[in-house]
Amino acid sequence: MSKQNILTIIISLIPLSYILGNFVLNLNIVLTIIAGIYLYYQGIRIRFILLDKLIIIFFLYIIFTSSWNTIESYYFGNIKDYDFSIINKSILFLRYLVFYFALRLIIENKLINYKILFYSFGIFSLFISIDIIIQFFNGKDLFGLTSPYSSKTTGPFQTEAIAGGFIQKFSFFLFFGFMLLIPIKNQKIKILLLTVLFFITILSIIFSGNRMSLVLFSLGIFLVFIGNKTLKKYIAHILISTILISIITVNSNEKIKSYYYSFYSNSKDIFSVVSYRILGFEKDILYSSKHPYLHEFESGISTWKLNKYIGGGLKSFRYNCPKRKLVSINERTTCNMHPHNYYLEILTDLGIVGFILLIPILILSIKKSYNLIRNEKYKYILSPFLYIYLVEIFPIRASGSFFTTNNAIIIFFLLATIVALCSRAEKDTLSD
């Protein structure tokens, strides 16, 4: 088996690693890192660019602020039972920096077969979609598993209600792979089949109960529609069909209808309270009327104010949140593990400095991507990575933790791929 095929298989199994759990996901990271180190010692190198330097600085800052907060708490705060978990976790988080550079090395040196990768990601997405639909109607999925939630369908993820997020991310490879790799010359048949895939995908996200995933999926499709002139002829028909089918589906089931319709009022409440807490606009909401995510955002803002500039250190929210000063009788006294928004979490853990270090990475990677997506040679390979990346870093959303394995691996996988393709394109231009 060739070196390219081995590396492609490792990376193509990332979706399966999500299904099998964190242990396998971390094993996938380790294998990718080992592959990258092996290639490096074989003399394979990358073109080091500004984005790489900014990412290194960001990771070094994480170590700095976590170390500083540990020293301050243990030595100056006289907290002798301090468990050093913040500094330990920040050091372990460095594996994503090594993972990022291993992927950079593999992708920039053309050691990935994108046809296999697109097929793998797309097939896993379609499989989970079908599994969710079967579990919704049958009560059990293909493996005989049931969902422990009344309003969410989990499929093979069992107690983790993340099926909608999984499908939302990896389904873009299904669509782009189908449009680019399936040799169907009859355009009407191709549009019909693509519409069926869209319908299965959006139906499964609706049935999963992950409402934010449905919004983000719709946002991603909208970005494809406005950003890719070639695909508009496909997407215009598909969008109309899937929107109509989605509306009919939601309204045909009272449980789904009430669950999704409440999303609109909850979103308005979140906007109102966040504006009130940060800018002094809008108004507060009674404790009994607040959605759980609203409490998370609110506690995130209050916790950030404890360490505005350099934050409390990596994954410090769970320790610092109970110390925050309550500014309203309508604010919850208890705390979760994180504030359920990437940017609020960055602010609470890394402060304004960390936030400022992250923003140029996001802006520069998006700018380079949009420049490259005009290049016919890279446009279709880059597209699914870019659109998933844009949706993943969308600021106005509820999310998991930026620093957990599930989210960090997809963020740095997408970022590494985007940067590697941009660097490779620039290198090709220089060599012409």
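The side chain of Y96 makes a polar contact of 3.2 Å with the side chain of T405. The model in which this pair appears is predicted. Y96 lies in helix α6, which spans residues 95–108. With a relative accessible area of 0%, Y96 is buried, because the limit for burial is 20%. Residues up to four places away in sequence aside, Y96 touches N26, I29, F59, T404, T405, A408, I409 and F412. T405 is thus a partner in the polar contact and also appears in the list of touching residues. V30 is 66 residues from Y96 in sequence. In space, the C-alpha atoms of Y96 and V30 are 9.9 Å apart.

Confidence varies along the chain. The average pLDDT is 83. A score of at least 70 is reached by 80% of the residues. Helix α6, the helix that holds Y96, has the highest confidence, at a mean of 95. The lowest confidence falls in helix α12 (residues 254–278), at a mean of 60.

The secondary structure consists of 17 helices and 0 strands. The chain has 432 residues, of which 53% count as buried. Its exposed area is about 19,800 Å². Carbon and sulfur atoms supply 67% of that area. Contacts were also sorted by sequence separation. Among those between residues at least 6 apart, 72% join residues at least 24 apart.

The nonpolar interior was examined next. In soluble globular proteins, nonpolar side chains tend to be buried together. Here the largest nonpolar core has 103 residues. F93 and F413 have the most contacts inside this core. Helix α17 (residues 405–431) gives the most to the core, with 15 residues. Outside the four-place sequence window, F93 touches F59, I62, L314, F402, F403, A408 and F412. F59, A408 and F412 are among the residues touched by Y96, and F93 touches these three residues as well.

Aromatic pairing is recurrent. The count comes to 36 aromatic pairs. In one of them, the ring centres of Y61 and F64 are 6.0 Å apart. The planes of Y61 and F64 meet at 40 degrees, so the pair is tilted. Both residues lie in helix α4 (residues 50–76). Y61 and F64 are 3 residues apart, about one turn of the helix. Their exposure differs in class. Y61 counts as buried because its relative accessibility is 8%. F64 is partly exposed, because its relative accessible area is 43%. In another pair, the rings of F402 and F403 have their centres 5.2 Å apart. Their planes stand at 75 degrees, so this pair is edge-to-face. Both F402 and F403 are buried, and F93 touches both.

Ring pairs also build a cluster. Its members are Y18, Y114, F118, F121, F157, F166, F170, F173, F385 and F413. F413 is also one of the residues with the most contacts inside the largest nonpolar core. F157, another member of the cluster, is 137 residues from L20 in sequence. The C-alpha atoms of L20 and F157 are 8.1 Å apart. L20 belongs to helix α2 (residues 14–20). At 54% relative accessibility, L20 counts as exposed, because the threshold for that class is 50%.

Two further buried positions were examined. A35 is placed in helix α3 (residues 22–41). A relative accessible area of 12% makes A35 buried. Neighbours within four places in sequence aside, A35 is in contact with L7 and I106. I6 is 29 residues from A35 in sequence. The C-alpha separation of A35 and I6 is 9.4 Å. S85 is placed in helix α5 (residues 85–92). S85 counts as buried because its relative accessibility is 10%. The side chain of S85 joins that of Y319 through a polar contact of 2.8 Å. Buried S85 and buried Y96 thus each have a side-chain polar contact, S85 with Y319 and Y96 with T405.

Terms used:
Residues numbered from 1 in each chain as written. Heavy atoms only, no water. Helix = DSSP H or I, 4+ residues; strand = E, 2+ residues; numbered from the N terminus. Buried < 20%, exposed > 50% of the residue type's maximum accessible area, 1.4 Å probe, protein only. Polar contact = N/O pair within 3.5 Å; in protein donor to acceptor, adjacent residues only side chain to side chain. pLDDT = per-residue confidence, 0-100. Core = buried A, V, L, I, M, F, W, Y, C linked by side-chain atoms within 4.5 Å. Contact = heavy atoms within 4.5 Å. Areas by Shrake-Rupley, 256 points an atom, 1.4 Å probe, with all protein chains shown as cover. Phe/Tyr/Trp six-rings, centres within 6.5 Å; stacked < 30°, edge-to-face > 60°.
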